[in-house]
Amino acid sequence: MKYILSTLLIGALSITLHSKEVVIEMLNKRPDGAKMVYSEDVTKIEAGDTIKWVPTSKGHNVEFLGGPDGATLPGKSGLNKEVSIKFDKPGVYLYVCTPHKVMGMIALVVVGGDTSNKTDIAKIKMMGRSKKKLASLIEGI
């Protein structure tokens, strides 16, 4: 019994030690001139990693519109609120800033290098600048 508990504890610690946290800023303008954006358009992480979104400009949030089959999408964050989300299920996730999604404030998270659901993500109805941007982001992964 001690051997089993020790093995489980070591396994849990090794997962914790290898997971990382990525910080993404919610911005009115990026250094490259893009407006109403997140600091990264596509973030590639491993399963078990966490992303923390930081509202460096006011009026932004994070709302997930799609992810891999079976993934539980987190609820919409509040405006101007920092939010951290751990990703355990591999696949592509689409998120937007609710008030600025028509302006193209959208981004993707790719977990574990798995892009098998990118066709499903590409089918999510977008409007305004987001429609063209989503197509471009999907093509780039």
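What does the secondary structure of the protein chain come to? In this predicted model, the chain holds three helices and eight strands. Read from the N terminus, their order is α-β-β-β-β-β-β-β-β-α-α. The eight strands thus follow one helix in the chain and precede two others.

Some overall values set the scene. The protein chain has 141 residues, and 38% of them are buried. Its accessible surface comes to about 8200 Å², with 56% belonging to carbon and sulfur atoms. Contacts between residues at least 6 apart in sequence join residues at least 24 apart in 62% of cases.

Strand β8 offers a way into the interior. Why is strand β8, residues 106–111, largely enclosed by the rest of the structure? Six of its six residues are buried, that is, under 20% relative accessible area, so the strand is largely enclosed. In a regular strand, side chains alternate between the two faces of the sheet. In β8, both faces are covered. On one side lie I106, L108 and V110, and on the other A107, V109 and V111; every one of these residues is buried.

The pairing partners of β8 come next. Strand β3, residues 42–45, runs parallel to β8 and is joined to it by four bridges. Within this pairing, K44 has V110 of β8 as its bridge partner. Strand β7, residues 91–96, pairs with β8 in the antiparallel sense, over six bridges. Here Y93 stands opposite V109 in β8.

Y93 also leads to the aromatic residues. The count of aromatic pairs in the model comes to eight. One of them is formed by F64 and Y93, an edge-to-face pair with 6.4 Å from centre to centre and 90° between the planes. This pair links distant parts of the chain, since F64 lies in strand β5 (residues 63–66) and Y93 in strand β7, 29 residues apart. Are F64 and Y93 buried or exposed? Both are buried.

Y93 has a further ring partner in F87. The ring centres of F87 and Y93 are 5.0 Å apart and their planes stand at 75°; an angle over 60 degrees counts as edge-to-face, so this pair is edge-to-face. F87 and Y93 are both buried. Ring pairs also extend to a wider group, linking Y38, W53, F64, F87, Y93 and Y95 into a cluster. Y93 therefore belongs to this aromatic cluster and, within β7, stands opposite V109 of the buried strand β8.

How values were computed
Residues are numbered from 1 along each chain as its sequence is written. This is a predicted model: local features need pLDDT of at least 70, side-chain atom pairs count only at pLDDT 80 or more; totals for chains, interfaces and linings use all residues. Side-chain values use heavy atoms; hydrogens and water are left out. Buried means under 20% relative accessible area, exposed over 50%, partly exposed in between (1.4 Å probe, protein chains only). Contact means heavy atoms within 4.5 Å. Accessible areas come from the Shrake-Rupley method with a 1.4 Å probe; for residues, only the protein chains shown count as cover. Two strands pair if DSSP finds at least two bridges between them. Rings of Phe, Tyr and Trp (its six-membered ring) pair if their centres lie within 6.5 Å; planes under 30 degrees apart count as stacked, over 60 as edge-to-face and the rest as tilted.
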